[in-house]
Amino acid sequence: MAELALKYFGAGYQLAKPMFPQRLSVKTEGSTLHIVTFQTDQKDTQIFFHFDESYPSRIPKIKVSSSTLTEGQKGDLSEFLHHKGKAEEYSNSPTLPLLLEHAGKWLQENYGKKTSESKPSKRNEIREEDWQLHASPETVAAPREITTSTARETTPPGRKAKQKNRGGSVQWQSWADSVIQSNPADDEETNSDWNVVESRSRPSKGSKEVSQVKFTLDTVPKFDVPVDSRRANYFVAIRCTNGEIGDGVTEVVKKMLSVDHVYQPICYNRNEVHVTLTTVALHSDRDINKAVAALQDAREVLINHAPTSCLTISGIDEFQGSKVVFGKVKVEEDVLLLRKVVRWAFEKKGIYPKDNFGDYHPHMTLAKVNVGFTKKTGLRNISRAVYESLLGYKFGQQGVKGIHLCQMGHDRRADGFYICPTQIDFKN
């Protein structure tokens, strides 16, 4: 199990076990899977929570076992817990205690009630055929072409964040191990046994019609943007996962640091490079929920506007007086259209991008001076001598495989990329 997932799982289990004494057990399978069994107040009813390395940015899969509940009720309970957990998944916090409390309340209200079986059969069909759970690119091990060499993680509950430089890693004590115990007497479960609801939001009613919407650069609706002085702290980006580009980033950074190693803390690595489409200010839970909902509600429209062209990344330049050194990115019109559709999705939900649409300079950041670096070194920019010999460097081409809503800052997922409340994966 990935280190970050293990820590959050351990934290949640520690909180939940005193709340439900003698009613929780853990089965461990290999190094990537933990199954928590919850014995409810109803003796014939158990709930199984399937935690893997995608936790906590993806909630656990849920299975209900009961001789009294109908199949429809079991499906309703699974779906109810899914939606309760999903409301918390962006926060990267332990969800097990919350899910257990909600399960108990639901059973108190619904246990023993008779329901029709016709509706659940239709819902189960949707789950199994249209909403199969796939490994999430947000939290699984890095794609094959990416070498995760410098992963950084979010701060576990109850701990102060340690200062992390780019390219560095932090080792936390594995305090979760003491609360995880294997229970070999449990029956084995297969993935097909789990009543799974996809962790990304379902399209709303009428999504079939919405998915047929096709814009051009001139026909994307415009909204009046109110004045907002808040600073951007999230961005939507295309992640650069091409192994050739990753190798190029590693080589360029290595050559820059060979000239002056003082810039090492502010250099990006192959796991975090990206091309930003737009930035937004999300300074509350409500803001983040709205942003996630905005992208997920427009999911089919965004997929319908997935670019077929590639980003061409070639050459190195700087801006802001050499505070930022970047790889130059050439984009085609379909990428500009995707950017405009992303902004439209936000604006129609009352979230207004902080960057001007017409002032767009696509780039892949390689190094960026920040306030902490300046305070420590006294340097306010990056010396041209560091990258002057690399101005013509050709990185390669990057296909647009999806978009990520990313949190600014130093925290990273287990695979080295930014913390992402949500993402949209394209089909191409």
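**Figure 1. Arg412 and Tyr418.** The charged end of Arg412 sits over the ring of Tyr418, at 3.8 Å from the ring centre. The coordinates here and in the other views come from a predicted model. Tyr418 also belongs to an aromatic cluster, which it forms with Phe235 and Phe417.

**Figure 2. The aromatic pair of Phe215 and Trp344.** Seven aromatic pairs are found in a search of the whole structure. In the pair formed by Phe215 and Trp344, the ring centres are 5.1 Å apart and the planes stand at 70 degrees; angles over 60 degrees count as edge-to-face, so this pair is classed that way. Phe215 is in the loop between helix H5 (207-211) and strand S5 (234-239), while Trp344 is in helix H9 (residues 333-347), so the pair ties together parts that are 129 residues apart in sequence. Phe215 is buried, at 10% relative accessibility. Trp344 is likewise buried, with a relative accessible area of 10%. The ring of Trp344 has a further partner: the charged end of Lys348 sits over it, 5.0 Å from its centre.

**Figure 3. Helix H9 and its surroundings.** The end C-alpha atoms of H9 are 21 Å apart, which agrees with the 21 Å that its 15 residues should span at 1.5 Å a residue. Of these 15 residues, 12 are buried, and the helix is mostly covered. The buried residues include charged ones, among them Arg339, Lys340, Arg343 and Glu347, as well as Val335, Leu338, Val342 and Phe346. The buried part of H9 packs against three helices or strands listed here among others: S5, helix H7 (285-297) and strand S11 (402-407). Strand S6 (274-280), helix H8 (299-304) and strand S7 (310-319) are also packed against by buried residues of H9.

**Figure 4. The largest nonpolar core, with Ile403.** This core has 69 residues, and those touching the most other members are Leu302, Phe346, Met364, Phe395, Ile403 and Leu405. H9 supplies the largest share, eight residues. Leaving aside residues up to four places away in sequence, Ile403 touches Val236, Ala237, Ile238, Leu277, Leu302, Leu338, Val342, Gln423, Ile424 and Phe426. A separate second core contains 25 residues, including Leu69, Leu77, Ala103 and Leu107. In soluble globular proteins, nonpolar side chains tend to be buried together.

**Figure 5. Helix H6 and what covers it.** Helix H6 (residues 243-259) has 17 residues and reaches 25 Å from its first C-alpha to its last, close to the 24 Å expected at 1.5 Å a residue. Its buried residues are Gly243, Ile245, Gly246, Gly248, Val249, Val252, Val253, Met256 and Leu257. The cover over these residues includes S7, strand S8 (324-330), strand S9 (363-368), helix H11 (384-387) and strand S10 (394-399).

**Figure 6. Cysteines without disulfides.** The structure holds zero disulfides. For Cys420, the nearest cysteine sulfur is that of Cys406, at 3.8 Å; a disulfide requires sulfur atoms within 2.5 Å, so Cys420 is in none. Cys420 is buried, with a relative accessible area of 4%. Cys267 also counts as buried, at 4% relative accessibility.

**Figure 7. Glu53 and Ala414.** Glu53 is placed in the loop between strand S3 (45-52) and strand S4 (61-66). With a relative accessible area of 24%, Glu53 is partly exposed. Its C-alpha atom is separated by 9.0 Å from that of Ala414, although the two residues are 361 residues apart along the chain.

Conventions
Residues numbered from 1 in each chain as written. Predicted model: local features only at pLDDT ≥ 70, side-chain atom pairs only at ≥ 80, totals over all residues. Heavy atoms only, no water. Phe/Tyr/Trp six-rings, centres within 6.5 Å; stacked < 30°, edge-to-face > 60°. Helix = DSSP H or I, 4+ residues; strand = E, 2+ residues; numbered from the N terminus. Buried < 20%, exposed > 50% of the residue type's maximum accessible area, 1.4 Å probe, protein only. Lys NZ or Arg CZ within 6 Å of the ring centre and 35° of its normal. Core = buried A, V, L, I, M, F, W, Y, C linked by side-chain atoms within 4.5 Å. Contact = heavy atoms within 4.5 Å. Expected span 1.5 Å × (residues − 1).
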